Structures are given as C-alpha cells and as structure tokens.
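Student: I would like to work through a structure by asking about it piece by piece. Please show it to me before we begin.

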Amino acid sequence: MANLNIDSVKERTFDAIVIGSGMSGGWAAKEFTDKGLKTLILERGRDVKHIKDYPTTNMYPWEFEHRGELPMSVQEANPIVNRCYAFGESAAHFFVKDAEHPYIQDKPFDWIRGYQVGGKSLLWARQTQRWSDFDFEGPARDGFAVDWPIRYKDIAPWYSYVEKFAGISGNRDGIAELPDGEFLPAFPLNTVEEYFRDHVKSKYKNRYVISARCAHLSTPKQIHLDQGRVQCQRRTICERGCPFGGYFSANATTIPWALKSGHATLRPFSVVESIIYDDKLGKATGVRVIDTNTKEAIEYYAKVIFVNAAALNTNLILLNSKSHRFPNGLGNDSGVLGKYVAFHNYSAHIGAEYDGAKEWTTDGRNPAGGGYIPRFRNVYKQETDFLRGYASGFSAYRYPERSWDGVGSSLKDNLANKELGPWHVGSHMMGETIPKESNFVSLDDKQKDTWGVPLLKMNIDYDDNDEKMKKDYVEQLTEMFTSAGFTNIKASTDRRAPGLDIHEMGGARMGNDPKTSILNKWNQVHSVKNVFVTDGASMTSTSCQNPSLTYMAFTARAADYAMSEMKKGNI
Amino acid sequence: MDRRTVIKNLALIIGGAALLPACSQDKAKSKVALKNIDITADQEQLIGDVAETIIPKTTTPGAKDLQLHLFVLKMLDDCYKKEDQQAFVTGMGHFADQSKKLYSKTFDQLDTKTREAFLLGIEQEGKAEEAAAQKSGDEKNAAPATPPAGKYSPELKKFYSIVKRQTINGYTNSKYFMTNIVVYELVPGRYNAHFPYKQKQAV
Ligand SMILES: Cc1cc2nc3c(=O)[nH]c(=O)nc-3n(C[C@H](O)[C@H](O)[C@H](O)COP(=O)(O)OP(=O)(O)OC[C@H]3O[C@@H](n4cnc5c(N)ncnc54)[C@H](O)[C@@H]3O)c2cc1C
C-alpha cells in the first residue's frame with residue numbers, strides 16, 4: 001500500500017460516497033451537496049459533460065454516415081446490446097458494447113448498460129409514473145415476494161419532491177392505481193388517441209387511456225431555469241443527449257447541480273470493486289476503487305455510502321464486499337442477496353389501422369410518445385389466473401403513403417407524395433414479473449474482468465405467470481381494438497430474453513424482516529447502518545409502472561434520512 | 001486512411017452533390033474506398049446506371065447527381081452480412097449477363113425505356129415469389145410449394161433489391177430530399193396534436 005501517509009488518507013476521506021452517477025446516484029449527490037456534505041461521486045465510466053459531450057445532438061439525418069444504421073461489424077460484435085431499439089448510429093456511444101464488459105449467462109439475459117457519467121439516464125425513454133398502494137400492498141395481498149416495508153403515503157411526498165425538480169409533464173387524471181403528481185402541462189393526445197380514450201371510457205369500467213407522463217419540460221418553471229435547462233423543443237432525438245436540458249438526465253440536472261455546490265468531487269474512470277467493512281468498528285468505512293486508466297487500487301473513506309450502480313451492478317458490488325463478518329456479501333445475513341431479481345415483460349405488441357378521423361393529423365413531434373393505459377387487471381380484486389398485471393402503451397400516428405413500387409419518374413413521384421395514409425395505432429405490453437428465489441445473480445468463482453472483479457452470472461427467466469399474462473394482454477387489447485372499430489389488427493409476441501425491458505430490479509430487497517430482506521424501510525442495510533441502496537436493487541417487487549421515478553424518490557428520501565441519522569450520531 | 005480516402009468518405013458523409021473527380025492513377029478501382037468488397041470502376045458504373053434508372057434525373061436531381069450509387073456501395077460494404085455482399089457481387093455478374101442475353105446489349109447501351117422494363121421484370125418476379133411464399137406460409141398444412149423457375153437467379157434479385165433499397169434510402173435521406181421535398185426540421189419546437197388535414201380529392 002503506497003498511500004498510507006496521513007495526509008493522503010485525509011484527502012481520500014469524505015462525508016459521503018455515492019457509487020454511480022446515473023439516474024439514482026445523481027440524486028444522492030444532489031441531496032448531500034445541497035446540505036453541504038463533502039461528497040465523492042464514483043463513476044466507472046468516462047465523464048459526459050452536458051452539451052459538450054453530446055457529439056451527435058445537432059446532426060441532421062443525412063449527416064450520419066449510414067443514415068442511422070450501424071455497420072454490420074458493430075452489430076455482429078454486439079448481439080446483446082444490438083437488440084435494444086435505441087442502439088443506433090446516433091446514440092451507440094452511450095451504450096456498453098458486449099465485449100467491453102462481459103458477464104455470464106447461465107440463462108439468457110440481455111443486460112443493457114450505460115457506463116458513463118449519467119449512466120442510462122441519457123438514454124431512457126423518459127416515461128414516469130408513480131407507483132400506488134396497489135403496488136406497495138400487492139405482495140402482502142397476493143402472497144408473492146415479501147411485504148413492502150413502506151406504503152404509498154411514505155413515498156408520496158418524495159415523489160412530489162423529485163418531480164418538482166426533475167420536471168414531469170402529465171395530466172391530473174384522478175386514477176387511484178396511478179396517483180397524480182406535481183405536473184407540468186401534459187403533451188396532449190392526438191385525435192385518434194382521444195377517440196380511443198373516449199371509447200374505452202364509455203365501454204369499460206376502470207380502464208383508462210391517458211397522456212403518457214414523462215420527464216420533459218413542457219413548460220419550465222424557475223427551478224428548471226435555475227438548473228440551466230429550458231423548454232423541451234419537441235425534437236424527440238433525446239437519446240443523443242439534449243442541449244436544451246429538455247428532458248431529465250443526471251448530466252443536465254442533478255450532477256451539474258451537485259458540482260455547482262462546490263461540495264462534490266466527481267471521479268470518473270473509477271470502478272468500485274467493493275465496500276470496506278471494518279469488523280472492529282462494526283460498520284463500513286469506505287470503498288475500494290480500481291482506476292480504469294492506471295489499474296491502481298485506491299481506497300476512499302466516508303461516514304455514509306450510497307450504492308447506486310444500477311440494480312445488478314449494485315448486487316455485484318455487495319456480493320463482492322466480503323469480510324469476516326459478512327463472508328457471503330455485505331449485509332447478507334439472510335442469504336437472500338442476489339435473489340428475487342425480477343423485471344418487466346415487454347414481449348407483446350399489437351398494431352392496427354383506423355379508417356376515420358381523416359380530416360386530422362399531427363404537426364411536430366410528441367416527446368411523451370402518445371398514450372398510456374394503466375394496469376386494469378387484478379387491481380381491486382384477483383380476477384384472472386395470473387398474479388398482478390400489465391400496463392400498455394398506446395399511440396396513433398399517420399404518415400404519407402410512399403410506395404416503393406416501380407422505377408423511374410413515377411417512383412420519384414411516389415416518394416415525393418405527401419398524401420397521408422390512414423391512421424395506424426399501436427400498443428405494447430408492460431407486464432410485472434414476480435420476484436422468485438430461483439431468479440438470481442451470483443459471482444463466478446473463477447472468471448474476473450479486467451479490473452479483477454468477478455464476473456456476474458445471470459439466472460433469470462420467465463415463468464407461467466408471464467405466459468398467462470401475455471396471453472391476456474393480447475386478448476384484452478385485441479378486444480379493445482376490435483370494439484373501437486380498428487381494423488387489420490395484428491398482435492405479435494416475441495421470445496426476447498429477460499432484461500431487454502431494461503427494468504431489472506431486486507436482489508437487495510427492502511423488507512421488515514432482516515431474515516428475508518437486505519434493507520429496511522429507509523433503504524438502509526439492516527446490519528450495516530451506514531450503507532444505503534436506493535436503486536432498482538432495493539425494489540421488493542416490480543409494479544408494472546416504469547421504475548426510474550421511484551428510484552429517484554427513494555434516493556432523495558433515504559439521503560434525507562441518512563443525514564438526519566448522521567446528525568443524531570447514529571451513523 | 002490516406003487523404004484521398006478521407007476526402008471521398010467526407011463527400012459521402014456530407015452527401016454533397018458535387019461529382020468527385022475521376023481518379024486517373026487508379027482507373028480500374030471504384031471511386032469509393034471499400035473495406036470488404038472489391039468493386040471495379042466498371043461495376044461502379046453499372047450500379048450507377050441501375051441507380052439512375054431507379055431515381056433518374058428529371059427536373060430534379062437524380063441518383064448520379066446525388067452520388068447515390070456510391071452510397072449504395074458504402075452501405076453494402078459496411079452494413080451487410082458477408083453472404084449478402086457475396087450474393088450482390090455474383091448477382092451483379094448475372095445482371096450484366098442477363099442484359100446481354102435478353103437484349104444483346106450491355107445495360108449502359110440500353111435506352112431508358114428498356115432499362116426500366118428490365119428492372120421492372122426483375123421486380124415483378126421477386127414480388128410473385130414473395131406472394132407465393134406468403135401463401136404457402138398461410139396454408140400451413142399444404143405441401144411446400146416448389147419455387148417457380150424464374151428468369152433471374154436469386155443472387156441477381158438480391159443484387160437488384162439491395163441497389164433499389166439503398167438508392168431509395170439514400171435518396172429519401174439525402175440533404176436534397178430532406179430540405180426540398182419533406183423538409184426535416186432539427187428543432188420543430190412544436191407539437192400540434194390536432195392538425196387539420198385535407199386529403200387531395202381524387203381526380
Ligand atoms: C433505452 C432505454 C429506455 C428506458 N426507458 C425508461 C423509461 O421510459 N422509464 C423509466 O423509468 N426507465 C427507463 N429506462 C431505465 C432507466 O434508464 C434506468 O431504470 C435508470 O437509469 C436506472 O438508474 P440507476 O441509477 O439505477 O442506474 P444508471 O442510470 O444506469 O446509473 C448507474 C451508474 O453506475 C455506474 N456504475 C456501475 N457499476 C459501477 C461500479 N462498480 N463502480 C462505479 N460506478 C459504477 C454506471 O456506469 C452508471 O453510470 C430505460 C433505459 C434505457 C437504456
């Protein structure tokens with residue numbers, strides 16, 4: 001150990017360490033630095049500075065060498081990430097390539113990752129819905145997983161807190177299963193989306209079609225201008241990074257905010273290998289980092305440690321943090337660490353046409369992407385032979401019919417045609433999967449990555465419940481589409497591996513009982529009070545709503561709690 | 001990459017309308033720098049003629065003005081599987097042969113009408129095969145239909161379909177098309193969910 005002199009230790013000692021600078025880590029950094037805590041943000045990837053490091057953000061379609069398509073060599077070298085819809089010429093630089101960071105698929109799992117400052121918050125589709133008590137009470141009611149240690153009322157104020165800062169657009173829809181939030185004006189539904197909304201309302205009880213809620217500044221408020229962000233320009237090329245800060249990303253929002261405070265140190269190129277647990281002190285004292293440029297191992301110390309490396313990497317770090325006290329991973333007295341991983345099921349779609357509303361179209365682009373159908377199955381009572389339910393996307397669009405038939409000047413005329421065809425409508429399924437002990441991740445005992453960290457092994461799969469739910473989605477949406485008078489209805493399902501929905505959760509779940517969970521109701525490791533996990537790893541069950549808003553709310557809440565505990569001298 | 005290659009690639013990326021100067025030292029080789037396939041200047045010329053037949057110069061620019069044949073080659077070289085690239089090259093040979101067999105002339109010697117008829121014939125055969133495959137797919141229990149013996153080899157059809165697809169792709173995504181025909185806006189700044197639209201009355 002070269003760095004044992006006292007000054008150096010002092011230099012490497014902080015009030016708080018945040019592992020990961022993405023969607024959730026950015027919030028931890030912001031909360032700590034807002035309160036003046038000297039905070040170290042550790043990020044394994046490179047720095048991505050807002051605006052400056054968005055190389056494609058102002059490019060026209062014809063400026064891309066392959067007009068958006070990726071070279072076959074890149075596609076063939078990346079079978080996993082290539083399956084992600086957003087992996088294209090304009091945003092490939094924000095995705096982890098397959099060969100760079102291998103893992104072991106004991107069962108197929110498409111692990112989609114963004115290793116850089118901002119993490120996956122640069123790439124997300126920005127859909128943000130609150131979870132409700134139907135979600136937080138679900139396990140207790142339906143008998144799956146373990147009971148959540150919190151209820152909606154515990155998290156509601158924190159949803160409000162993060163929504164106001166992040167900027168979420170939506171309508172107040174008054175739906176119990178999808179609580180309203182602090183909204184900026186919604187992006188409106190178009191004519192046919194409204195038609196379907198009205199039809200569903202008149203025909204079905206407890207089924208709704210609403211404007212999708214999303215993390216976009218439809219009309220910014222002062223707090224957003226203070227962040228240096230301005231109104232969303234409806235460009236809908238968000239995955240390139242937005243120079244306007246029109247959508248929420250850690251790069252445009254929480255990270256620069258934390259840095260501006262003067263209390264943050266951002267250290268990119270720093271892979272956290274493990275958390276250091278001191279058997280004598282009975283707490284974590286810091287983290288061990290491998291510098292990816294020099295391969296040097298460095299230790300950093302702090303009073304409190306937030307783990308926000310994204311669900312499965314957080315599991316990896318905890319499993320790899322071994323000590324006398326915790327031979328099987330930090331805080332893993334129960335043996336459940338790495339287990340009960342769950343995800344979302346996005347493997348069914350449906351498309352159709354609508355032969356009406358011909359006198360309407362849209363102009364410009366909708367950043368929200370259209371409509372959202374909240375979960376309507378098994379909400380108030382169990383009514384199907386599967387547990388839980390699914391939400392659905394819904395959108396309608398119209399485009400010029402351009403026939404590719406023929407050659408010569410008639411083809412040229414066809415391609416220049418601006419006459420619009422009929423409305424097309426489409427939906428995709430967003431199903432909840434049930435956390436099970438048999439869905440787990442673990443460390444390989446032989447193979448290690450370039451930095452000496454064991455490779456993660458995936459053992460995650462669908463089950464019968466998912467198959468039944470998928471069938472029900474296709475039946476119900478087909479019926480709803482038919483009854484709305486849509487024609488040429490085509491449902492399709494695919495056999496994608498788990499993971500491609502990019503909503504993996506669990507492994508270090510919250511719970512009341514330390515015997516069956518890793519974290520308490522404050523996202524605090526039951527047996528290591530100064531370590532908190534507030535990303536997807538902490539989720540007890542998965543709901544069918546998009547998860548990131550919930551990670552943000554949990555992070556802000558846990559950071560507030562951690563600071564009050566520090567003040568009281570408890571940690 | 002040498003400077004010449006850089007300039008050529010740059011011109012492609014920018015999609016400039018200026019024709020690249022013919023390169024005298026290296027006459028036999030294609031103008032565009034290719035990594036995976038070997039294309040002679042003659043073959044490039046043939047692809048140019050096919051592309052120009054697909055998107056001809058009228059009162060507005062055609063394939064050659066927009067360098068779409070070079071874009072086709074760029075896409076073929078970078079974005080297609082090896083077996084597709086091989087089929088393309090083989091099919092290009094078949095295509096040249098067919099021209100001589102059917103019309104006793106090379107493709108560049110044909111007049112525009114004949115060129116169009118030639119291409120449309122290939123297209124029609126491809127469509128008929130697709131329809132037959134679709135039909136046998138629909139009637140799952142029916143015995144697999146034997147593919148009709150076509151005039152054109154599968155490689156020829158592959159060659160043609162790649163040229164056509166990428167010519168149109170290059171055309172509809174060209175700066176010319178996107179600033180004059182459809183007008184792509186990087187910053188629309190608006191979303192009007194209810195926008196009146198009047199379909200043109202059928203004549
Ligand atoms: C294409 C796409 C669409 C999506 N759409 C939506 C959506 O519409 N709605 C929604 O809610 N969610 C969506 N998501 C998911 C969303 O992006 C994630 O849920 C969210 O980013 C997770 O936040 P996080 O903080 O846990 O992880 P991340 O944002 O991924 O951040 C984790 C960070 O930790 C770093 N890290 C990892 N390991 C280490 C280590 N050992 N040491 C140091 N640093 C480490 C990573 O490099 C990364 O920067 C989408 C994701 C993608 C890719």
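What follows is a set of questions with short answers.

Student: What kind of model is this, and how are its parts numbered?

Tutor: This is a predicted model, in which local features need pLDDT of at least 70, side-chain atom pairs count only at pLDDT 80 or more, and totals for chains, interfaces and linings use all residues. Side-chain values use heavy atoms, with hydrogens and water left out, chains are lettered from A and ligands numbered from 1 in the order in which they are written, and residues are numbered from 1 along each chain as its sequence is written.

Student: How many helices and strands are there in chain A?

Tutor: Helices (H or I, at least four residues) and strands (E, at least two) are DSSP runs, numbered from the N terminus. By that reading, chain A has 13 helices and 23 strands.

Student: Why is chain A described as being as compact as a globular protein of its length?

Tutor: The radius of gyration is taken over C-alpha atoms, and the globule rule is 2.2 Å times the number of residues to the power 0.38. For 571 residues the rule gives 25 Å, and chain A is close to that, so it is as compact as a globular protein of that length, with a radius of gyration of 24 Å.

Student: What percentage of the residues in chain A is buried?

Tutor: Buried means under 20% relative accessible area, exposed over 50%, and partly exposed in between (1.4 Å probe, protein chains only). Of the 571 residues in chain A, the buried share is 64%.

Student: Which residues are closest to the ligand?

Tutor: A residue is near a molecule or strand if one of its heavy atoms lies within 4 Å of it. The ligand is surrounded by 36 residues, and the closest are S24(A), E43(A), Q116(A), A125(A) and V272(A).

Student: Which element supplies the largest share of that shell around the ligand?

Tutor: In chain A, β8 (270-278), α10 (311-319) and α13 (548-567) each supply at least two residues of the shell. The largest share, 3 residues, comes from β8(A).

Student: How many residues of the shell are charged?

Tutor: Ala, Val, Leu, Ile, Met, Phe, Trp, Tyr, Cys and Pro count as nonpolar, Asp, Glu, Lys and Arg as charged, and the others, Gly among them, as polar. The shell has 16 nonpolar and 15 polar residues, and its charged residues number 5.

Student: How much of the ligand's accessible area does the protein cover, and which polar atoms lie by its oxygen atoms?

Tutor: A polar contact is a pair of N or O atoms within 3.5 Å; within protein, one must be able to donate a hydrogen and the other to accept it, and residues adjacent in sequence count only if both atoms are side-chain atoms. A polar backbone atom of Q116(A) is 2.8 Å from a ligand oxygen, one of G119(A) is 3.4 Å from a ligand oxygen, and a polar side-chain atom of K120(A) lies 3.1 Å from a ligand oxygen. Accessible areas come from the Shrake-Rupley method with a 1.4 Å probe; for residues, only the protein chains shown count as cover. On its own the ligand has 990 Å² of accessible area, and the protein covers 98%.

Student: How many residues of α10(A) are buried?

Tutor: Among the buried residues of α10(A) are A311(A), N313(A) and L319(A). The helix is mostly covered, the buried count being 9 of its 9 residues.

Student: Which side chain makes a polar contact with the side chain of E432(A)?

Tutor: E432(A) is in strand β17 (residues 423-432) of chain A and is buried, with a relative accessible area of 0%. Its side chain reaches the backbone nitrogen of S543(A) at 3.3 Å. The side-chain partner of E432(A), at 3.1 Å, is R388(A).

Student: Is N523(A) buried or exposed?

Tutor: N523(A) lies in the loop between β21 (505-507) and β22 (524-525) of chain A. Most residues other than glycine have a negative phi. N523(A) is not a glycine, yet its phi is positive, about 60 degrees. At 0% relative accessibility, N523(A) counts as buried.

Student: Where does K81(B) lie?

Tutor: Chain B comes to 7 helices and 1 strand. At 37% relative accessibility, K81(B) counts as partly exposed. Its place is the loop between α3 (68-79) and α4 (82-103) of chain B.
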